[in-house]
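Me: I'd like to understand why some labels are used for this protein. Could you walk me through the reasoning?

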Amino acid sequence: MNEYENEDHRIQSKFQQKTWNEIRTNDSWAIFKIMSEFVNGFETMGRIGPCVSIFGSARTKPDHEYYLLAEEIAYKISKAGYGVITGGGPGIMEAGNKGAHRGGGTSVGLNIELPFEQHFNPYIDNDKNLQFDYFFVRKVMFVKYSQGFVVMPGGFGTLDELFEAITLIQTKKIGRFPIILVGSSFWGGLMEWIENVLLEKYQKISPGDMNLFKIVDTADEVVEHLNSFYKKYNLSPNF
């Protein structure tokens, strides 16, 4: 087994050793830990000002074109007046924080404790490096305090954040904000499947749902779309 399979086996074995009563007891006490994460997150994030979240793979290397592009996007976003929020880890997340740091903008990291891959990067503002144990608390912070999502190529975690945001906007549980997918060669196949299968063949979504996101390839397109979206509503990055 590789390192990920070994760790997964260890975690499953640890969980299976607990009795049902132990699980129930732990769940009851976990409420207080969950509450503390929400309180700390709300108090910290409420002070940061308008930001854009950047998502993407933790496995992206610093010399990869998408890492360099994410850094450029974050730099230009910060120069346009927005702060940058990432998941706080390596790869695309590091690139996002690095670009914001280089641009003199707000650089926020919402870190999560994972068995592998995740560790916070050095480009997060010292007072804006938050640590979470619970994915769902962390995801609330991303949605509640972001004025836009920039979605770089990534894996299951990136897709999770993308589709949750689309679903919340589609069902009108939150107000609409820009969702920008970067990399037409990466996202093109998925978008074709959504349009051809979900929409046209099976009618599982509405035609207007295809307008909830936009695919671009450059940093300038990202900033232009963010600015044009908020200009339409007579808003600015510093509202």
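Reply: Happy to! A patch is made of residues with over 30% relative accessible area and no salt bridge, and nonpolar side chains are joined within 5 Å. Please keep in mind that this is a predicted model. Here, Trp-29, Ile-31, Phe-32, Met-35 and Val-39 make a nonpolar surface patch of about 570 Å².

Me: Why is Val-39 called partly exposed?

Reply: Val-39, which sits in helix H2 (residues 20-45), has a relative accessible area of 42%. Partly exposed lies between the 20% limit for buried and the 50% limit for exposed, so Val-39 with its 42% counts as partly exposed.

Me: What makes Lys-172 exposed?

Reply: Exposed means over 50%, and Lys-172 has 72%, so the label fits. Lys-172 lies in the loop between helix H6 (156-170) and strand E6 (179-182). Its phi is positive, about 60°, although Lys-172 is not a glycine. Most residues other than glycine have a negative phi.

Me: How do you know that Gln-203 is exposed?

Reply: Its relative accessibility is 55%, and the cut-off is over 50%, so Gln-203 counts as exposed. Gln-203 is found in the loop between helix H7 (184-201) and strand E7 (214-216), with a positive phi near 50°.

Me: Why are strands E1 and E2 said to pair?

Reply: Pairing needs at least two bridges. Strand E1 (residues 51-55) and E2 have three, in the parallel sense, so they pair. Val-84 in E2 is the bridge partner of Val-52. From E1 the chain crosses through helix H3 (residues 65-79) to E2 in a right-handed β-α-β crossover.

Definitions and conventions. Residues are numbered from 1 along each chain as its sequence is written. This is a predicted model: local features need pLDDT of at least 70, side-chain atom pairs count only at pLDDT 80 or more; totals for chains, interfaces and linings use all residues. Side-chain values use heavy atoms; hydrogens and water are left out. Patches are made of residues with over 30% relative accessible area and no salt bridge: like charges are joined within 9 Å, nonpolar side chains (Val, Leu, Ile, Met, Phe, Trp, Tyr) within 5 Å. Accessible areas come from the Shrake-Rupley method with a 1.4 Å probe; for residues, only the protein chains shown count as cover. A salt bridge is a side-chain nitrogen of Lys or Arg within 4 Å of a carboxyl oxygen of Asp or Glu. Helices (H or I, at least four residues) and strands (E, at least two) are DSSP runs, numbered from the N terminus. Buried means under 20% relative accessible area, exposed over 50%, partly exposed in between (1.4 Å probe, protein chains only). A crossover is right-handed if, with the strands pointing away from the viewer, the path from the first strand over the helix to the second runs clockwise.
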